[in-house]
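Welcome, and please open the model in your viewer. We will pick out one spot at a time and look at what is there.

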Amino acid sequence: MLLKPHHIFTYHGNNYLINVEEMKVFQIDKNTSMTLQKISLDPDFAISSKTEEELVRLELFVLENQEGKKRTDSRPNNTSIRNISLFITQNCNMRCTYCYGDGGGYGSSGNMELETARRSVDWLIEHSGEIKKVGISFFGGEPFLNFPLMKQVVVYAQKRSEEIGKEFEFSVTTNASMLDKKKIAFLKENKVIPLVSFDGSKKIQDAQRLFKNGRGSYDVVVPKIRQLLQVFPETTARATLVGLTDPVEVIRALHEIGFSSTHITVVSQSLFDFAHDKKKNLRNNHGMEQMMEVEAEELLKNVKCQNTQSLKKQKINGLLITRLGEFLNKQKKYFGCGAGRKFVGISTVGDVFLCHRFVGMDSYRLGNIFDRGLARDVYQKSLIKVSKKCNTCFAKYICGGGCYHENLGFCGSVFEPSEKYCRVIRYSMKMVAYVSSQLSDEDRDYMISEKIIMCKPCHFDFPV
C-alpha cells in the first residue's frame, strides 16, 4: 500500500494528520493514528473497508497515474536579481556579543567608495532584467557611519530611475545610535524605510548590544528610537534571542518603547570566530514553542470573534499568520529566501556574496560588480530536492530549506538544514495545522475579506 507523505501529531489531547503534498490537515481518531503507524512499518498491512474509506477522506492514497510520476520544476534556472544589500561600510560603533559579522567588519573593514556605489546601482539595473521595482538596502556595520555616501547613492539611483524607468525602493538596517533630526528627515524625504536592531529591555540590550568601549547602549539609543518613531511609527524592531531570553518579555519591552512592529530572530553562530564556543549562544527553544502556542490560541480567538485590529497586529508581530495563509492557499515554498537568486550582498569593494550574512567569506563570493558573470548556478536548485532531510520533512513547504547561513553554522554545509532552525519550523507547522483545522469556511472568508490572509494566488504564479 502506497500512501502520500504525512505526519501525525497530538495537541490538546487530539490527533491531527498533515497531508504534506496536498497541504491539508485532518483531525483523526486514535484507531486511525495507530493503523497508519502500522502501515508505515508494514506496507502490506491488511486494512478494513472502513479504514480504507477513512484513508480516502484523508486523501492519502497514491493513485496509479501518480505512482512514479516525477514532478517537474518549470521555473527559470537563473532568476533576475531584484534586491541588493549594499555595504556602504564594514565598520561598526558597537560590539554586540553575538555578532555574526565579526564586529561589523565581516573579516575586514573600510568604507565603500563613490565609484563602487554607483557601479553597484548600475549592476543592479543590469541584473534585474525586466523587473520594474528594485531595492537597495543600506547595510554595515553601521550604515550611518558613512551617511554622506548613503545620500549620494540615493541621489544617483533616483537619477538613473528617471533615465531607465525603474523604481528604486530604499531601506536601512541600523542600530539607531547615530540617528538625529537631520538623518531622520533625510529618510523621510527619500522614503528610506528604517529597520532597527534592538533587543528589548534595558537589562537585555545593555548585556547584548554594547558600544566598543564596553558601555551599554540602551540609554543612548532609546531616545533616538522614540524620535524616529514619531516620523516612522511603523518601524520594525528586530530583536535577537540569546540564551534563555524570554521572547514574550522582549516583545513587551519593545512595545513599551513604542514599536508596533517587531520581528524576533534566534541567535546565529559567527562563522568568522572559529574559536567561538558554539554552545555559548545556543538556546532552548521551549520559550519559542510556548510563544507559538499562545499565539495560535490568540489567533483562533480573534478570528472567531472577528477582531480585525488584533489580527492585523498579530500579522505584523507574529510568526504564524503568514505561514497560515501560505498553508491555506497551498503555496509551496521551494527556497527559504532569495539568497543568490533574487537577492545578494555587495561588499565595500564590490564583491558579490550569497547574501549579506556571507560578506567576507570567499567560499561564498559569487563575483564582482566590475566583472562579468556570477557563479550562482548551485543556488538555483531547491534544497527540498537537494537535501534528503528536507525532502522528507513534513514542514518543507512552509520552510523551503531554511537559511543558508544557519545551515552552514550548525552543519558545516549550506545545503544541510540546521536542526535548531528545523525544530522551530516544525513546531510552527504543527501550530499552523492546528489553527487551520479549527477554521470554518466562514472564518477563512472573513480573513480574506479583511486582508489578514490573501486570496489564493493565480495558478500561473511560480512559488517562492
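Go first to Gly258, the residue that follows helix α8 and has a positive phi, near 135°. Helices (H or I, at least four residues) and strands (E, at least two) are DSSP runs here, numbered from the N terminus. Residues are numbered from 1 along each chain as its sequence is written. Keep in mind that this is a predicted model, where local features need pLDDT of at least 70, side-chain atom pairs count only at pLDDT 80 or more, and totals for chains, interfaces and linings use all residues; side-chain values use heavy atoms, with hydrogens and water left out.

**Along helix α8**

Now select residues 247-257, which form α8. Which of its residues are buried (under 20% relative accessible area, with exposed meaning over 50% and partly exposed in between, using a 1.4 Å probe and protein chains only)? Colour Pro247, Val250, Ile251, Ala253, Leu254 and Ile257: these are the buried ones. They lie on the same side of α8, because they cover an arc of only 160° around the axis, an arc taken from the directions from the helix axis to the C-beta atoms. An α-helix has 3.6 residues a turn, so residues three or four places apart point the same way.

Next, show what these buried residues pack against: helices α6 (202-208), α7 (218-231) and α9 (286-304), along with strands β8 (236-241) and β9 (261-266). Then zoom in on the start of α8, where a side-chain oxygen of Asp246 comes to within 3.0 Å of the backbone nitrogen of Val248.

**Two cysteines**

Select Cys393 and Cys422. How far apart are their sulfurs? The distance is 6.2 Å, which is too far for a bond. A disulfide is a pair of cysteine sulfur atoms within 2.5 Å, and by this rule the model has 0 disulfides. Cys393 counts as buried at 16% relative accessibility, and Cys422 counts as buried at 10%.

**Zooming out**

Finally, show the whole protein chain, with its 17 helices and 12 strands. Its C-alpha trace spans about 75 × 50 × 50 Å along the principal axes. Of the 464 residues, 53% are buried. Switch on contacts (heavy atoms within 4.5 Å): among those between residues at least 6 apart in sequence, 71% join residues at least 24 apart.

How values were computed:
Polar contact = N/O pair within 3.5 Å; in protein donor to acceptor, adjacent residues only side chain to side chain.
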